[in-house]
Amino acid sequence: MQDYIEVEFRSGRLGYYQNTQNLEISPEDLIIVDVERGEDIGQVVHLSINDSEIMPLPVPTGRTLKIKRLATEEDIEKMHNLPQEEEKAAKTFADILQRYPFDMKLIETIYQFDGNKLTFFFTAEGRIDFRVFVRELATVFRTRIELHQTTGRDEAKRLGGFGMCGIQYCCGNFLKRFNQVTIKMAKDQNLAGNLAKISGPCGRLLCCLNFEEDFYVEEGKGLPIPGTCVEYKGKKMFVFKTDILNKRIHLTDEDQNLTELDLETFSKLTIVSQPDIEPC
């Protein structure tokens, strides 16, 4: 089966198309493609994505979405003029919003390339019934209106910025999809002590915790479970924490005196009990 070409639209959405016309397409090329309602412009991200790596977008019954052509100079000029129209639309949106009783924060306004759709991305507390509001917007702009309520992560991706590492947000740079990040990942990496320090501007745990999780899980297989009770120099001591990178074990006794051992020394100790067996 022919591979898909991955295309990123101005809204940040990804689309997948087959090059049925065998056009000479390269990464970062701008192309005009069919979408559900008309045509849109997108940038080629990847030339060879197989169907096992993606979830192809649903195709309307009786119609095949396809790549129409490479973007021309006129297309590119038109695309460059869209931000001006979107800025005007955002101002109109804000003016109309003042007449409604709910609070919404507009994040981004995106026109489809052919003007057949106008999408407003916003954040709000809880769910909002904006059906009447959408109808008024459709009357004013005379095109299809879509309102997308985004999460904190989506907002950070759209607005962009730099993380505590000094590098552009992963979500705004290279991440295509958000992966689940859990508190267990933070615990596996000994980072669960201060959640504020491992949370991003979106208020969620840092995406980069997910990048190194496999390494910490694999390297931690030979280390004891925190809470394990051992006998050391005639005293019962508990595993307080483990240093996976340096292969060192931190012990504490009942008086909270701390002792640090290397893994080789710890492996020679007698284990009295483990937390999943019985308390020491």
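Q: In what order do the three strands of the open sheet with mixed pairing stand?
A: The order is E6-E7-E8, and the pairing is mixed. Please keep in mind that this is a predicted model.

Q: What makes E6 and E8 edge strands of this sheet?
A: Strand E6 (105–111) and strand E8 (144–149) each have a single partner strand, so one side of each has no neighbour in the sheet. From one strand to the next, the twist averages 20°.

Q: Why do E6 and E7 count as paired?
A: Two strands pair if there are at least two bridges between them. E6 and E7 have six, in the antiparallel sense, so they count as a pair. One place to look is Ile110, which stands opposite Thr119 in E7.

Q: Which strands does H2 touch as it packs on the sheet?
A: H2 touches E6, E7 and E8, and its direction makes about 140° with that of E8. Helix H3 (residues 152–159) lies across E6 and E7, running at about 60° to E6.

Q: How many aromatic pairs does the structure hold?
A: There are eight.

Q: Why is the pair of Phe120 and Phe141 called tilted?
A: The ring centres of Phe120 and Phe141 are 6.0 Å apart, and a pair needs centres within 6.5 Å. The angle between the planes is 50°. Under 30 degrees would count as stacked and over 60 as edge-to-face, so the pair is left as tilted.

Q: What does the pair of Phe120 and Phe141 tie together?
A: Phe120 lies in strand E7 (residues 117–123) and Phe141 in helix H2 (residues 131–141), so the pair links parts that are 21 residues apart in sequence. Both Phe120 and Phe141 are buried. They also belong to one aromatic cluster, together with Phe93, Tyr100, Phe102 and Phe133.

Q: What makes the pair of Phe215 and Tyr216 edge-to-face?
A: The centres of Phe215 and Tyr216 are 5.5 Å apart and the planes meet at 85°. Planes over 60 degrees apart count as edge-to-face, so this pair gets that name.

Q: Are Phe215 and Tyr216 buried or exposed?
A: Phe215 has a relative accessible area of 41%, and partly exposed runs between 20% and 50%, so Phe215 is partly exposed. Tyr216 is at 12%, and buried means under 20%, so Tyr216 is buried.

Q: How do you know that the charged end of Lys78 sits over a ring, and which ring is it?
A: The ring is that of Phe113, and the charged end of Lys78 is 4.5 Å from its centre. The distance cut-off is 6 Å, so this value fits that part of the rule.

Q: Why is Tyr17 called buried?
A: Tyr17 has a relative accessible area of 3%, and buried means under 20%, so the word applies. Tyr17 is found in strand E2 (residues 14–17). Leaving out residues up to four places away in sequence, Tyr17 touches several others, including Tyr4, Phe9, Val33, Leu65 and Ile67.

Q: What makes the approach of Tyr17 to Asp34 a polar contact?
A: The side chain of Tyr17 reaches the backbone oxygen of Asp34 at 2.6 Å. The limit is 3.5 Å, so the distance qualifies.

Q: Which word, buried or exposed, fits Glu213?
A: Glu213 is buried: its relative accessible area is 8%, and the word is used for values under 20%. Glu213 is in helix H6 (residues 213–219). Not counting residues up to four places away in sequence, Glu213 touches Lys184, Met185, Asp188 and Gln189.

Q: In what order do the strands of the five-stranded open sheet stand?
A: They run E12-E11-E10-E9-E13, with antiparallel pairing. Strand E12 (258–262) and E13 are at the edges with a single partner strand each, so one side of each is without a neighbour in the sheet. Neighbouring strands here are turned by 45° against each other on average, direction ignored.

Q: How do you know that E9 has E10 and E13 as partners?
A: At least two bridges are needed for a pair. Four bridges join E9 (residues 229–232) to E10 (residues 235–243), and three join E9 to E13 (residues 270–273), so E9 pairs with each of them. Val230 shows both sides: its bridge partner in E10 is Met237, and in E13 it is Ile271.

Terms used
Residues are numbered from 1 along each chain as its sequence is written. This is a predicted model: local features need pLDDT of at least 70, side-chain atom pairs count only at pLDDT 80 or more; totals for chains, interfaces and linings use all residues. Side-chain values use heavy atoms; hydrogens and water are left out. Helices (H or I, at least four residues) and strands (E, at least two) are DSSP runs, numbered from the N terminus. Buried means under 20% relative accessible area, exposed over 50%, partly exposed in between (1.4 Å probe, protein chains only). A charge sits over a ring if NZ of Lys or CZ of Arg is within 6 Å of the ring centre and within 35 degrees of the ring normal. Contact means heavy atoms within 4.5 Å. A polar contact is a pair of N or O atoms within 3.5 Å; within protein, one must be able to donate a hydrogen and the other to accept it, and residues adjacent in sequence count only if both atoms are side-chain atoms. Axes are lines fitted to C-alpha atoms, for helices over the stretch in contact, and angles run from 0 to 180 degrees between N-to-C directions.
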